[in-house]
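Here's a quick briefing to read with the model open beside you. Grab your viewer and follow along.

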Amino acid sequence: MIPQLRVWHERYERAGLTIVGVHSPEFVWEKRRDAVVDATRALGIRYPVVQDNDHAVWRRFGVWAWPTAILVDRKGVVRGSHIGEGAYEETEAMILRLLAERG
């Protein structure tokens, strides 16, 4: 999913898309900030990444699996989600619909 997120960030950031990665670690060693910083650099991630060590964001959005993509509109309303890899064309179509909305 990360390669596709990088593409969308590059393609649609100027149009108003904001991608926020949320790192919700499964293992203790994944909780170290320096490890997350190193991984984001190594993976070429240029959008912000929130470190969610206590899974507060995970629980807030009802996430139960990695990866999960959640689409939120300009007003903060969840408008779509996808669990797992794939459905990139459908997700991009929803991104375009949300970017086209005004308000």
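What follows is a short tour of ring pairs, salt bridges, backbone oddities, a surface patch and one loop residue.

Keep in mind that this is a predicted model. It holds 3 aromatic pairs, and the salt bridges come to 4. There's also a cis peptide bond from W66 to P67, plus a nonpolar surface patch formed by V20, V22 and V50.

**Aromatic rings**

- Of the 3 aromatic pairs, start with W8 and Y88: their ring centres sit 6.1 Å apart with the planes at 70°, which makes the pair edge-to-face.
- W8 belongs to helix α1 (residues 2–12) and Y88 to helix α4 (residues 88–100), so this pair ties together parts that are 80 residues apart in sequence.
- The two partners differ in cover: W8 is buried at 3% relative accessible area, while Y88 is partly exposed at 23%.
- W58 and W66 make another pair, with ring centres 4.7 Å apart and planes at 50°, so this one counts as tilted.
- Here W58 is buried, with a relative accessible area of 15%, and W66 is partly exposed at 47%.
- For a charge over a ring, look at R60: it lies over the face of F61, 4.9 Å from the ring centre.

**Salt bridges**

- As background, side chains of opposite charge can pair when their charged atoms come close.
- R32 and D34 are joined by a salt bridge between their side chains, at 3.1 Å from N to O.
- Both ends of that bridge are partly exposed, R32 at 46% relative accessible area and D34 at 40%.
- R79 has two partners to check out: its side chain meets that of D73 at 3.0 Å, N to O, and it also bridges to E101, where the closest N and O atoms are 2.7 Å apart.
- E101 lies in the segment after α4 and R79 in strand β4 (residues 78–83), so their bridge ties together parts that are 22 residues apart in sequence.
- Through shared partners, the salt bridges join D73, R79 and E101 into one network.
- Within that network, D73 is buried at 15% relative accessibility, whereas R79 is partly exposed at 34% and E101 is partly exposed at 30%.

**Backbone oddities**

- Why give these spots a second look? Because most residues other than glycine have a negative phi, and most peptide bonds are trans.
- The bond from W66 to P67 is cis, with omega near -20°.
- You'll find P67 in the loop between α3 (56–60) and β3 (68–72).
- W66, on the other side of that cis bond, is also the partly exposed partner in the tilted ring pair, at 47% relative accessible area.
- H55 isn't a glycine, yet its phi is positive, near 60°.
- H55 sits in the loop between β2 and α3, and it is buried, with a relative accessible area of 18%.
- A87 has a positive phi too, at about 60°, and again it is not a glycine.
- The loop between β4 and α4 is where A87 is found; this residue is partly exposed, with a relative accessible area of 27%.

**Surface patch**

- Which residues form the nonpolar patch on the surface? They are V20, V22 and V50, and together they have about 210 Å² of accessible area.
- V50 is part of strand β2 (residues 49–51), and at 36% relative accessibility it counts as partly exposed.

**A buried acid in a loop**

- E30 lies in the loop between β1 (21–23) and α2 (33–42).
- Is E30 buried or exposed? It is buried, because its relative accessible area of 18% is under the 20% cut-off.
- What does E30 touch, leaving aside its neighbours within four places in sequence? It is in contact with H23, P25, V36 and Q51.
- For a sense of scale, E30 and G76 are 46 residues apart in sequence and 29 Å apart in space, C-alpha to C-alpha.

How values were computed
Residues numbered from 1 in each chain as written. Heavy atoms only, no water. Patch = residues over 30% accessible without salt bridge, like charges linked within 9 Å, V, L, I, M, F, W, Y side chains within 5 Å. Areas by Shrake-Rupley, 256 points an atom, 1.4 Å probe, with all protein chains shown as cover. Helix = DSSP H or I, 4+ residues; strand = E, 2+ residues; numbered from the N terminus. Buried < 20%, exposed > 50% of the residue type's maximum accessible area, 1.4 Å probe, protein only. Phe/Tyr/Trp six-rings, centres within 6.5 Å; stacked < 30°, edge-to-face > 60°. Lys NZ or Arg CZ within 6 Å of the ring centre and 35° of its normal. Contact = heavy atoms within 4.5 Å.
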